[in-house]
Amino acid sequence: MFHNHSPLIIAGPCSAENRQQVFQIAQALKETGKVDIFRAGIWKPRTMPGTYEGPGESGLLWLEDVQKELDILVATEVATPAHVEKALKHNISILWIGARTSVNPFSVKELAHALSGTDTTVLIKNPINADISLWIGAIERIKQAGIKKIMLVHRGFTSLNPAPYRYDPIWKIPIEIIKRYPDLPLLCDPSHISGNRQYIEQISQKALDLNMKGLMLEVHNDPMRALVDQQQQITPAQFVEIIERLKKRKENSTNQSYLEKLEELRGQIDKIDHEMLHQLASRKEVVTEIAKLKFQNNIGPLQLGRFQKICQERIKWGQSLGLSKEMIEELFTTIHEDAVKYQSDLMKTF
Ligand code: PEP
Ligand code: MN
């Protein structure tokens, strides 16, 4: 779409604050030569009332002028049809739907209606809840409105334990989204995931390693005096340092010895996976015997205590083999759920 740079870089303050601030940051970023799109929030969705909610419509004029005078594309957040109408009236090229809006199907539906028939580029941030279907629902609604230029932004999810970050990246969700929408560029927003500038570089690198197509970074001329999101904004100079340190990993190589070695290792993986599937099939045979035994003794298919024991033991065994707790927990939850379902289906046929 805009691919001046790969990865695509969107940068700018969390919120526009005044005309001078907007121009100062936009100018500094333009001079870096590393930015494709300048971002600034005009209407800020704040958790608490009484905190700075952005300049509102007057800020649109500043963005419009930045776009014209500095010849750089600009992006802002829209949350209502009125925002869409005003932003389009001011020729804002790119609109994004924020995490507190994409979470609400009513709002997304209204936005889809307001955007329908326009040629706008729309960025859809993941909903704040870790619910992949909500994100997919938002994407589908915007697609159905006939919007052709869509990009997605991964900005992390609320969770009980996001530490050390402010929002939990739950990487398996964006990975699943890439598989599902290979043609929609997925960008990462390390500023909002991290909540703190010290983690921005590591999250950015991880995003590029996962083959995400770009980054959205919050950059402010004076982060400590920013009216919102102070801890996570970086200066234009820090922005340049981070971008220059990021390593672009290639998705593929044509180097012959690399390809041969990779082929050999993948062969080993195929063999191991094949063996694992045979083991799962043998496990299923034993589950069939268990189902018969339980049925003969009038016992139901699920014993919670057994499941807890399975999990605890497997985690211990797995960890002693260097495997991760989360992975084993997830794996055996799936295996056990499947076994219980299989038993109860089977019992119905006896
Ligand atoms: C933002 O980009 O400034 C913003 C509010 O993002 P999110 O909707 O991801 O919280
Ligand atoms: Mn922000």
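Begin with the whole protein chain, which exposes about 18,900 Å², with carbon and sulfur atoms supplying 53% of it (Shrake-Rupley areas with a 1.4 Å probe; for residues, only the protein chains shown count as cover). The model is predicted, and local features need pLDDT of at least 70, side-chain atom pairs pLDDT 80 or more, while totals for chains, interfaces and linings use all residues. Residues are numbered from 1 along each chain as its sequence is written, and side-chain values use heavy atoms, without hydrogens or water.

Of the 350 residues, 45% are buried (under 20% relative accessible area; exposed is over 50%, partly exposed in between).

Next, colour by secondary structure: the chain holds 13 helices and 8 strands (DSSP runs numbered from the N terminus, H or I of at least four residues for helices, E of at least two for strands). Select the strands, and a parallel barrel appears, closed by 8 strands in the order β1-β2-β3-β4-β5-β6-β7-β8 (pairing requires at least two DSSP bridges). Neighbouring strands of this sheet are turned by 25° on average, direction ignored (axes are lines fitted to C-alpha atoms, for helices over the stretch in contact; angles run from 0 to 180 degrees between N-to-C directions).

Zoom in on β3 (residues 73-77) and β4 (residues 94-97), a parallel pair with 3 bridges. Here E77 has W96 of β4 as its bridge partner.

Then select helix α1 (residues 19-32), which lies across β1 (8-12) and β2 (37-39) at about 150° to β2 (contact means heavy atoms within 4.5 Å).

Finish at L331 in helix α13 (residues 325-349). L331 counts as partly exposed because its relative accessibility is 40%.

Definitions and conventions. Chains are lettered from A and ligands numbered from 1 in the order in which they are written. Buried means under 20% relative accessible area, exposed over 50%, partly exposed in between (1.4 Å probe, protein chains only).
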